[in-house]
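Look at the structure below, then follow the paragraphs with it in view. They go from a sheet to a helix and end with the pair of chains.

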Number of protein chains: 2
Amino acid sequence: MSYLDRIAVCHRWDLDAYRPFMVEDTTLGRVTHAFARRLTDYPKVFQVSDRAVGLNPDLADFDARTAALREVLLCLRDAGDIRRWRNEDYPLVRRWGDPPFLKMERGAVPLFGARGFGVNLNGYVRRTDGWHLWVGQRSKTKDTAPGKRDHLVGGGQPHGLGILENLIKECEEEAGMPRELAMRAVPAGAVSYICARDEGLRDDVFFNYDLELPDEFVPRNTDGEVESFELWPMARVLETIRDTEDFKFNVNLVILDFAIRHGLLTPDEPHYQEIWEGLRLPSVL
Amino acid sequence: MSYLDRIAVCHRWDLDAYRPFMVEDTTLGRVTHAFARRLTDYPKVFQVSDRAVGLNPDLADFDARTAALREVLLCLRDAGDIRRWRNEDYPLVRRWGDPPFLKMERGAVPLFGARGFGVNLNGYVRRTDGWHLWVGQRSKTKDTAPGKRDHLVGGGQPHGLGILENLIKECEEEAGMPRELAMRAVPAGAVSYICARDEGLRDDVFFNYDLELPDEFVPRNTDGEVESFELWPMARVLETIRDTEDFKFNVNLVILDFAIRHGLLTPDEPHYQEIWEGLRLPSVL
């Protein structure tokens with residue numbers, strides 16, 4: 001078992017199994033060929049060809065696209081094509097900060113292979129015996145990754161909320177962290193990946209934040225999504241990532257990024273360059 | 001002017017202008033078509049086709065490849081094809097830590113578009129009024145980038161020396177930094193790029209280190225390569241990167257990486273995601 005196994009899981013998909021989902025001239029996602037055929041049922045909304053699925057150009061602005069898509073998604077939900085309706089809208093855009101083309105129910109985003117954004121918090125404590133990381137265990141009743149190890153705080157990035165505001169909200173809900181403490185979190189870049197999962201094609205960019213926590217802070221989950229929190233020595237965290245699949249698949253990337261940024265993994269680590277490269281989408285070369 | 005201008009400079013090359021340079025089945029670099037034709041003069045060493053330049057498979061190990069290449073490179077030097085002979089060997093390998101296929105005179109590496117490795121040190125001071133970064137000015141008599149702004153310490157990674165050892169050596173030579181201080185530098189990942197320059201195709205991976213320096217430390221150059229050092233507030237560093245070409249082209253990437261990792265640029269920064277993406281080779285999507 002190696003860090004590279006954890007990374008490989010996050011980059012597993014077959015380009016040939018999808019065709020682009022386009023809005024105007026922008027590829028916003030990828031749909032399976034089967035799902036593309038399914039969308040031919042809605043010819044007023046989608047233009048389906050063998051090579052791509054486009055949105056009808058008559059749907060010329062954010063509101064028109066959002067409303068037309070929503071109507072289709074409600075039909076698909078009723079037909080059982082969308083497994084979990086989240087009642088949360090994601091902006092559809094390739095790069096955070098660009099004006100979104102539309103917003104889409106979160107539960108449908110992987111069906112369209114569209115990019116999702118998220119925030120993650122590495123909550124750490126520095127002690128005389130080294131770095132420690134707060135590790136959560138996801139509730140065993142959660143729909144996705146029940147019982148898996150998780151960050152202190154993480155969450156999807158809905159439309160209409162700033163990234164830091166979202167992080168502060170999640171810190172409150174997931175860890176009972178006061179706003180003043182959460183605001184001290186330091187943004188530190190991102191990780192990205194594309195991989196095929198049960199829910200569809202996940203094309204995610206997660207913005208990472210680090211927060212050094214005082215010794216007396218003890219997280220307390222308020223929304224029932226986390227079963228327990230434990231403060232682990234970093235060596236235990238890294239061993240668990242390397243040797244087990246206990247952490248949620250994408251959390252491995254965020255923690256490896258944290259470890260590389262803080263010199264907790266060094267260039268002497270076997271496959272250091274490959275690990276570093278694996279924390280975002282594969283390069284062209 | 002924007003950060004993206006600095007990044008674009010580091011990713012400027014035309015794939016069609018090159019053909020692969022192969023050793024066994026591995027693409028180790030890229031050569032211009034004109035240089036490929038030049039290499040047909042050495043049929044015992046190179047197998048040149050319209051699609052690639054390969055090393056003669058009879059050169060079956062590190063020593064044989066190194067010796068045969070060196071003989072060719074000495075001819076090319078005498079013919080004026082290699083502008084600067086550095087008397088320093090680089091390992092030829094795609095990923096640091098893998099066994100190199102051969103070693104090659106540094107001055108020839110860009111001619112073969114082979115990957116070069118390097119180390120860079122962000123030497124910073126945290127004061128009550130914010131983060132400051134030590135900035136060097138390169139000697140006006142340097143061959144490459146004379147007079148440009150630079151890191152506190154940076155250097156190419158020769159064959160046969162560990163990365164941290166190389167950094168410690170460069171810290172001594174370039175900044176007069178004692179070994180005990182240099183050893184506290186924290187590895188923090190890397191940046192990578194491919195771009196066409198006067199010297200050839202630069203395909204570089206730089207390992208980045210951060211070092212928080214005590215207020216009383218003042219760098220002192222010992223090898224004549226740096227004209228002066230100044231401690232700049234981070235805001236001035238970032239403005240200079242954004243609005244001028246004063247920094248050496250690739251130093252911009254390393255400092256932007258430093259700024260992103262420490263939250264000195266935040267997700268609210270325009271084009272944050274694009275800047276973050278630009279700090280390594282472009283992705284497939």
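**A sheet in chain B**

S3(B) and strand S4 (residues 53–55) of chain B are paired antiparallel, over three bridges. Strands, like helices, are DSSP runs numbered from the N terminus (strands are E, at least two residues; helices are H or I, at least four residues). Two strands count as paired if DSSP finds at least two bridges between them. One such bridge links Phe46(B) to its partner Leu55(B) in S4(B).

This is a predicted model, in which local features need pLDDT of at least 70 and side-chain atom pairs count only at pLDDT 80 or more, while totals for chains, interfaces and linings use all residues. Residues are numbered from 1 along each chain as its sequence is written, and chains are lettered from A and ligands numbered from 1 in the order in which they are written.

S3(B) and S4(B) belong to an open sheet of four strands in the order S2-S1-S4-S3 (chain B), with mixed pairing. Strand S2 (26–32) and strand S3 (46–48) of chain B are at the edges; each has a single partner strand, so one side of each has no neighbour in the sheet.

**A helix in chain A**

Helix H4 (residues 163–175) of chain A has 13 residues, which at 1.5 Å a residue should span 18 Å (the expected span is 1.5 Å times one less than the number of residues). Its end C-alpha atoms are 17 Å apart, which agrees.

Which residues of H4(A) are buried? They are Ile163(A), Leu167(A), Ile168(A), Glu170(A), Cys171(A), Glu174(A) and Ala175(A). A residue is buried if 20 or more other C-beta atoms, placed from the backbone, lie within 10 Å of its own. The buried residues are on the same side of H4(A), because they cover an arc of only 165° around the axis, taken from the directions from the helix axis to the C-beta atoms. Just after H4(A), Gly176(A) has a positive phi of about 60°.

**Two chains together**

A turn of 180° and a shift of 0.0 Å along the axis lay chain B on chain A with an RMSD of 0.0 Å. This is the relation of a two-fold axis. The superposition is by least squares on the C-alpha atoms of residues with pLDDT of at least 70 in both copies.

Where the chains touch, 29 residues of chain B are in contact with 29 residues of chain A. Contact means that the C-beta atoms of two residues, placed from the backbone, lie within 7 Å. S11(B) gives the largest share of the side of chain B that touches chain A, six residues.

How values were computed
Buried ≥ 20, exposed ≤ 12 C-beta atoms within 10 Å, placed from the backbone.
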